[in-house]
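The following paragraphs lead through a single protein, from its general architecture to a few selected residues. The reader may wish to keep the sequence and the coordinates in view throughout.

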Amino acid sequence: MLVILIISALWFIIPAYVANASPVLISKIKTTQRYNRPIDFNLKFRNKPIFGAGKTWFGLFFGILAGTAIGFIQSFSGFLPMTILLAFMLSLGALVGDLAGSFVKRRLGLKRGQLAPGLDQLDFLLGAFLFASFVTKISLIYLLILVILTPAIHLGTNFIAFKLRLKKEKW
Ligand code: CTP
Ligand code: MG
């Protein structure tokens, strides 16, 4: 029973995970680097970056595209429920949540890439649930399961990305 709940919760959140992870990959492609304009256009708020250079337009659009595309594939796999609208909202919410997390980090004076335990791992998850709640009835059990599992998964995948030299930080 618990296993089924965990699998269902992970299935539900896949578009958000993909949306959150794909900007890291795309940011490494040399030809895309000139499109990597910061979302905040390098503007500052009270002498500190609004979001910082780690949040780009290309990352935003590619993340939404990748998360929605995965959701589209999920939707006709017939395994568990998924809709393209839900996948889009999960992806958009993940990236907006991630932006909000960076906004908070910059206000706290943390530099791009500096560790913010809890915030780094959960900002995108909470954003995804918030946006998903606009188009579907969200399950608090899924939320609970994912709040527990996501930090471990996030740290694990980021460490792999670090080993593959896709990321500069181990987290
Ligand atoms: N990224 C991007 N656009 C986004 C989100 C992420 O281009 N909207 C890319 C950036 O290359 C970023 C990397 O993905 O450096 C990793 O994302 P993340 O860890 O969220 O950003 P950080 O660089 O750690 O910045 P912050 O301190 O603001 O979290
Ligand atoms: Mg980071």
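How many helices and strands does the secondary structure of the protein contain? The model, which is a predicted one, has five helices and two strands. In sequence order these elements are arranged as α-β-β-α-α-α-α. One helix therefore precedes the two strands, and the other four helices follow them, under the DSSP-based assignment of elements.

The overall dimensions come next. The C-alpha trace extends over about 50 × 35 × 30 Å along its principal axes. For 171 residues, a compact globule would be expected to have a radius of gyration near 16 Å, and the value for this protein, 16 Å, agrees with that expectation. Of the 171 residues, 38% are buried. Among contacts with a separation of 6 or more, 67% are made by residues 24 or more positions apart.

The surface and the charges complete this general view. The protein exposes about 10,000 Å², and 73% of that area is supplied by carbon and sulfur atoms. Its side chains include 19 positive and 5 negative ones, and the centres of these two sets are 5 Å apart.

The first helix offers a starting point for the local description. Ala 16 belongs to helix α1, which covers residues 2-26. Is Ala 16 buried or exposed? Its relative accessibility is 0%, so Ala 16 counts as buried, the limit for that class being under 20%. Beyond residues up to four places away in sequence, Ala 16 touches Leu 90, Ala 94, Phe 124 and Ala 128. Two of these partners can be placed by residue number: Leu 90 falls within the range of helix α3, residues 84-107, and Phe 124 falls within that of helix α4, residues 119-132. Ala 16 also has a C-alpha to C-alpha distance of 6.2 Å to Gly 67, although 51 residues separate the two in sequence.

The strands and the loop between them follow. Strand β1 comprises residues 44-45 and strand β2 residues 48-49, with Arg 46 in the loop between them. Asn 47 is found in this loop between β1 and β2 as well. Which backbone angle is noteworthy at Arg 46? Phi of Arg 46 is near 50°, a positive value in a residue other than glycine. Asn 47, likewise not a glycine, has a positive phi near 70°. With a relative accessibility of 72%, Arg 46 counts as exposed; the relative accessible area of Asn 47 is 71%, and Asn 47 is therefore exposed too.

Phe 45 lies in strand β1. Its relative accessibility of 36% places Phe 45 in the partly exposed class, because that class lies between the limits of 20% and 50%. Setting aside residues up to four places away in sequence, Phe 45 touches Ile 50 and Arg 107. The C-alpha atoms of Phe 45 and Ile 64 are separated by 26 Å, with their positions 19 residues apart along the chain.

The description now turns to a pair of charged residues. Lys 105 lies in helix α3, residues 84-107, and Asp 120 lies in helix α4, residues 119-132. Are these charged residues, Lys 105 and Asp 120, buried or exposed? Lys 105 has a relative accessibility of 6% and so counts as buried, and Asp 120, with a relative accessible area of 13%, is buried as well. A polar contact of 2.9 Å joins the two side chains.

Each side chain of this pair also approaches a backbone atom. A polar atom of the Lys 105 side chain lies 2.7 Å from the backbone oxygen of Gln 114. A polar atom of the Asp 120 side chain lies 2.9 Å from the backbone nitrogen of Ala 116.

The wider surroundings of the pair can be set out in the same manner. Apart from residues up to four places away in sequence, Lys 105 touches Leu 110, Gly 113, Gln 114, Ala 116, Leu 119 and Asp 120. Asp 120, leaving aside its neighbours within four places, is in contact with Lys 105, Gln 114, Leu 115, His 154 and Trp 171. Gln 114 thus appears among the contacts of Lys 105 and among those of Asp 120. Finally, Lys 105 and Pro 49 are 56 residues apart in sequence, and their C-alpha atoms are 9.9 Å apart in space.

Notes
Residues are numbered from 1 along each chain as its sequence is written. Chains are lettered from A and ligands numbered from 1 in the order in which they are written. This is a predicted model: local features need pLDDT of at least 70, side-chain atom pairs count only at pLDDT 80 or more; totals for chains, interfaces and linings use all residues. Side-chain values use heavy atoms; hydrogens and water are left out. The radius of gyration is taken over C-alpha atoms; the globule rule is 2.2 Å times the number of residues to the power 0.38. Buried means under 20% relative accessible area, exposed over 50%, partly exposed in between (1.4 Å probe, protein chains only). Contact means heavy atoms within 4.5 Å. Accessible areas come from the Shrake-Rupley method with a 1.4 Å probe; for residues, only the protein chains shown count as cover. Lys and Arg count as positive and Asp and Glu as negative; His and the chain ends are not counted. The place of a charge is taken as NZ of Lys, CZ of Arg, CG of Asp or CD of Glu. A polar contact is a pair of N or O atoms within 3.5 Å; within protein, one must be able to donate a hydrogen and the other to accept it, and residues adjacent in sequence count only if both atoms are side-chain atoms.
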